[in-house]
Amino acid sequence: MEIKSASFVMSNSQVEKCPTSKLPEYAFIGRSNVGKSSLINMLTGRKSLAKTSGRPGKTQLINHFLINHEWHLVDLPGYGYARVSKKAKKTFQKFITDYFQQREPLVCAFVLVDSRHEPQKIDLEFMQWLGENQIPFSIIFTKADKVKPKALEKQVNDYNAVLLETWESLPPYFITSSSKNLGGEEVLNYIDEINKSL
Ligand code: GDP
């Protein structure tokens, strides 16, 4: 998919206030600092469409971007960051879950995980929750440039093995590096294929 246009639409913390258009929507979520903003900037070819956060946990809003006047890319707050106060954490968790449970145009969630790390409890729990709520998701391994190819292959295989302990089949997954501009094309083509099938 060629990105012809990408623009910011709105930010808010309530699913009721999200855009009323019925354009297909793809949400990006993951732990703070996983590389979500960098990935969104790579996908859209815009250097600073999504703000790369100096201080993780700061941007706790649902951010809508309009891509090619065809679909919405949604940048969701990073979850599971200890520095946000208990109360703030609770609020954003509720509006995240509200978003996923109530947002009709949502087609697929992309759960970002850092290629270097073992499966994290919070990510696995979140995927479990998505499954229980019948929300389709894919996994994006980020920062792949930080791991040597052999080790990366092992990381991904190990991750999948952990998923297969609770899932019957594996979700689609993508391996990306925003610093090396890798893997974005595959993610965009996947979105394109889904859009064409709708
Ligand atoms: P966010 O908090 O999930 O939006 O993460 P950011 O996109 O702000 O990235 C967090 C940190 O990881 C920043 O210092 C980025 O420069 C770095 N980073 C993000 N993506 C990559 C990547 O693909 N490779 C490398 N080496 N670093 C990355």
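How far is an oxygen atom of the ligand from an N or O atom in the side chain of Ser37? In this predicted model, the two atoms are separated by 2.5 Å. Backbone atoms of the protein also take part in polar contacts with the ligand. For Lys36, a backbone N or O atom is placed 2.8 Å from a ligand oxygen atom, and for Val34 a polar backbone atom lies 3.2 Å from an oxygen atom of the ligand. On its own, the ligand has 580 Å² of accessible area, of which 76% is covered by the protein.

The ligand is surrounded by 14 residues. Ser37 and Ser38 belong to the closest of these, together with Asp145, Ser178 and Ser179. By residue class, the shell around the ligand comprises 9 polar residues, 4 charged residues and 1 nonpolar residue.

The fold includes an open sheet of 7 strands with mixed pairing, arranged in the order 1-3-4-2-5-6-7. Its edges are formed by strand 1, spanning residues 6-12, and strand 7, spanning residues 173-175, each of which pairs on one side only. On average, neighbouring strands of the sheet are turned by 25° against each other when direction is ignored.

At one of these edges, strand 7 runs parallel to strand 6, which comprises residues 137-142, and 3 bridges join the two strands. Within this pairing, Tyr173 of strand 7 stands opposite Ile139.

Helix 5, formed by residues 184-197, lies across several strands of the protein: strand 2 (25-30), strand 4 (71-75), strand 5 (106-114), strand 6 and strand 7. With respect to strand 5, helix 5 runs at an angle of about 165°. Strand 7 is thus described both by its parallel pairing with strand 6 and by helix 5 lying across it.

Conventions:
Residues are numbered from 1 along each chain as its sequence is written. This is a predicted model: local features need pLDDT of at least 70, side-chain atom pairs count only at pLDDT 80 or more; totals for chains, interfaces and linings use all residues. Side-chain values use heavy atoms; hydrogens and water are left out. Two strands pair if DSSP finds at least two bridges between them. Helices (H or I, at least four residues) and strands (E, at least two) are DSSP runs, numbered from the N terminus. Axes are lines fitted to C-alpha atoms, for helices over the stretch in contact, and angles run from 0 to 180 degrees between N-to-C directions. Contact means heavy atoms within 4.5 Å. A residue is near a molecule or strand if one of its heavy atoms lies within 4 Å of it. A polar contact is a pair of N or O atoms within 3.5 Å; within protein, one must be able to donate a hydrogen and the other to accept it, and residues adjacent in sequence count only if both atoms are side-chain atoms. Accessible areas come from the Shrake-Rupley method with a 1.4 Å probe; for residues, only the protein chains shown count as cover. Ala, Val, Leu, Ile, Met, Phe, Trp, Tyr, Cys and Pro count as nonpolar, Asp, Glu, Lys and Arg as charged, and the others, Gly among them, as polar.
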